[in-house]
Amino acid sequence: MSDTSPLRRLHRVQELDLNLDRLRDEEGNISPELRDARAEQERLNNALEDTEITLEGVEKNIRRTELDLSSIREQVGRAREEQEKNAFDARAQSQYGSRIQMLSERADELEEDLAPLREQQQTLQARASDLRGQHRALRPSLGALEEQDEARVQGLRDQGEADRQERAQLAGNLDARTIREYDMIRRAKKGLGVVEIKAGRCSGCNVNLPVNVQQKAAQGKLPPVKCPSCGRFLIRLDLA
């Protein structure tokens, strides 16, 4: 069987595919520094989002409480005006006085409620500002690391360009049906669609192959002979 036989060309396609697989896997191997920087960015983003959500809730409570307090103060003012205009006897004065006292006590309660809310607002605003500062400080180093990683990935892709071109040329000169079946087998069998016969065994699953299967595979003709156990294409590379 010559080096230009279809099965040898298909075996070469697989060598190229395996190298391209390796390069693609390496693309995902980001540096520990970049991984840590991304994790820190995510932590800051999550912390800032949680802080802003909490701050929004606190500020909503502040606005609602301030509106209630303003309404109560207006009621106190109106009650005092009505007291001056309409309270002509002790009974009326007592009624208005009780209402004014009740409203004033409610206003005091709202003032007391506002104090811790405003304190919490200040704390959250300071925390949000600090987190934004940390995020800004992280941005230059993260950006530099991302650029380095993009260059690394592009370098890997450049390395694979020659392999992709060679693969396309080889695959274009092979039977389309054989290539499709090879691709299907490779996806199903962890990257290996073509395996060598070694010492009478399938090197893919290590099963002992019948002599007639070995002999037929040694002819190197299409369609390729498949291992009866794992279904991969079989090839004899030890033949001249």
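Me: Which residues in α1 meet which residues in α3?

Reply: On the α1 side they are Arg9, Arg12, Val13, Leu16, Asp17, Asn19, Leu20, Leu23, Glu26 and Glu27. On the α3 side they are Arg152, Val153, Leu156, Arg157, Gln159, Gly160, Asp163, Arg164, Glu166, Arg167, Leu170 and Ala171. Contact means heavy atoms within 4.5 Å. By class, this contact has eight nonpolar, three polar and 11 charged residues. Ala, Val, Leu, Ile, Met, Phe, Trp, Tyr, Cys and Pro count as nonpolar, Asp, Glu, Lys and Arg as charged, and the others, Gly among them, as polar.

Me: What kind of model is this?

Reply: This is a predicted model, where local features need pLDDT of at least 70, side-chain atom pairs count only at pLDDT 80 or more, and totals for chains, interfaces and linings use all residues. Residues are numbered from 1 along each chain as its sequence is written, while side-chain values use heavy atoms and leave out hydrogens and water.

Me: Why are α1 and α3 called roughly antiparallel?

Reply: Helix α1 (residues 6-27) and α3 pack at about 165°, with axes 9 Å apart. Axes are lines fitted to C-alpha atoms, for helices over the stretch in contact, and angles run from 0 to 180 degrees between N-to-C directions. Under 35 degrees counts as roughly parallel, over 145 as roughly antiparallel, 65 to 115 as roughly perpendicular, and the rest as oblique. The angle here is in the over-145 class, so α1 and α3 are roughly antiparallel.

Me: What makes α1 and α4 oblique?

Reply: Their axes cross at roughly 40° and come within 12 Å. That angle falls in the remaining class, so α1 and α4 are oblique to each other. In α1, Leu10, Val13, Gln14, Asp17, Leu18 and Asp21 take part. They meet Thr178, Ile179, Tyr182 and Arg186 in α4. The residues of this contact divide into five nonpolar, two polar and three charged.

Me: What handedness do the crossings of α1 have?

Reply: α1 passes α3 in a left-handed crossing. It passes α4 in a right-handed one. A crossing is left-handed if the near helix is turned anticlockwise from the far one by less than a right angle, and right-handed if clockwise.

Me: Why do α2 and α3 count as roughly antiparallel?

Reply: Helix α2 (residues 32-86) and helix α3 (residues 90-172) have axes that cross at roughly 160° and come within 6 Å. That angle is over 145 degrees, so α2 and α3 are roughly antiparallel. By class, their contact has 25 nonpolar, 17 polar and 20 charged residues. α2 passes α3 in a left-handed crossing.

Me: What is the helix content of residues 13-189?

Reply: Over this stretch the chain is 94% helix and 0% strand. Its end C-alpha atoms are 16 Å apart. Helices (H or I, at least four residues) and strands (E, at least two) are DSSP runs, numbered from the N terminus. An unreviewed UniProt entry annotates residues 13-189 as "domain: CT398-like coiled coil hairpin". Such annotations may be inferred rather than shown by experiment.

Me: Why is threonine 51 called buried?

Reply: Its relative accessibility is 5%. Buried means under 20% relative accessible area, exposed over 50%, partly exposed in between (1.4 Å probe, protein chains only). The value is under 20%, so threonine 51 counts as buried. Threonine 51 sits in helix α2. Leaving aside neighbours within four places in sequence, it touches Leu124, Arg127, Ala128 and Leu131.

Me: What makes aspartate 183 partly exposed?

Reply: Its relative accessible area is 21%, which falls between the two limits, so aspartate 183 is partly exposed. Aspartate 183 belongs to helix α4 (residues 176-188).

Me: Why do alanine 199 and asparagine 206 count as exposed?

Reply: Alanine 199 has a relative accessible area of 81%, and asparagine 206 has 53%. Both values are over 50%, so both residues are exposed. Alanine 199 lies in the loop between β1 (194-198) and β2 (201-202). Asparagine 206 lies in the loop between β2 and α5.

Me: What phi do alanine 199 and asparagine 206 have?

Reply: Phi is positive at about 55° for alanine 199 and positive at about 70° for asparagine 206. Neither is a glycine. Most residues other than glycine have a negative phi, and most peptide bonds are trans.

Me: Which residues does a cis peptide bond join?

Reply: It joins leucine 222 and proline 223, with omega about 0°. Proline 223 lies in the loop between α5 (211-218) and β3 (233-235).
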